Amino acid sequence: MQLRIGNGIDFHRLETGIPFWLGGIQLEHTKGAVGHSDADTLLHAICDALLGAVSLGDIGTHFPDTDMKYKGIDSKVLLRRCYNLVKEKGYWIVNIDSTVCLQEPKLKPHIPKMKEAIAATLGISRDEISIKATTTEQMGFVGREEGVMAYATVLLTKH
């Protein structure tokens, strides 16, 4: 059995009047993440972790923000495509561990739905996905509610 590990990180600015997509679900909030796609910061971090684990670059390499066909795209589509690239190299997800840094809204009540959305997108069990949430204690751009940040680590196996 061969194992590979990858990590990803993503940031998006928050602005009022934009839908807020995170972890594959839409959250009720006065602000949303700004981006070329739906700006789902958590899914983008997972995409980068998957791609990095098998040395396929990053999400911007495969889905550039200069390409209009990705304008407003659902990040679940990008996540599924990234995982397909990983599977083409013969690897499968063992587990995903992630952390979202966000001051508001509180994410704990939404984590089960996020895990369900990610599991359904990837065709894996919710038990293989960990999503943690933290604030930055009102420090920095996250603490001032100017942005959202997510980290992800994936472990892959090749049989």
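1. Let's start on the outside. In this predicted model, four residues make up a nonpolar surface patch: Ile 9, Phe 11, Phe 141 and Tyr 151. Taken together, they offer about 350 Å² of accessible area.

2. Phe 141 is worth a closer look. This patch residue sits in helix 5, which covers residues 140-143. Is Phe 141 buried or exposed? Neither label fits, because its relative accessible area is 32%, which makes Phe 141 partly exposed. A residue needs over 30% to be counted in a patch, and Phe 141 has 32%.

3. Now for the overall fold. You'll find five helices and seven strands in the protein. Reading from the N terminus, the order is β-β-β-β-α-α-α-β-α-β-α-β. The radius of gyration is 15 Å, close to the 15 Å that the globule rule gives for 159 residues, so the protein is as compact as a globular protein of that length.

4. As for dimensions, picture a box of roughly 45 × 35 × 25 Å along the principal axes: that is what the C-alpha atoms fill.

5. On to the inside. How many of the 159 residues count as buried? The share is 47%. Contacts tell you about the chain's path too: take those between residues at least 6 apart in sequence, and 72% of them join residues at least 24 apart.

6. Back to the surface, this time for the protein as a whole. Its accessible surface comes to about 7,900 Å², and carbon and sulfur atoms account for 52% of that area. The patch from point one, with Ile 9, Phe 11, Phe 141 and Tyr 151, is on this surface.

Technical notes. Residues numbered from 1 in each chain as written. Predicted model: local features only at pLDDT ≥ 70, side-chain atom pairs only at ≥ 80, totals over all residues. Heavy atoms only, no water. Patch = residues over 30% accessible without salt bridge, like charges linked within 9 Å, V, L, I, M, F, W, Y side chains within 5 Å. Areas by Shrake-Rupley, 256 points an atom, 1.4 Å probe, with all protein chains shown as cover. Salt bridge = Lys/Arg side-chain N within 4 Å of Asp/Glu carboxyl O. Helix = DSSP H or I, 4+ residues; strand = E, 2+ residues; numbered from the N terminus. Buried < 20%, exposed > 50% of the residue type's maximum accessible area, 1.4 Å probe, protein only. Rg over C-alpha atoms; globule rule 2.2 N^0.38 Å. Contact = heavy atoms within 4.5 Å.
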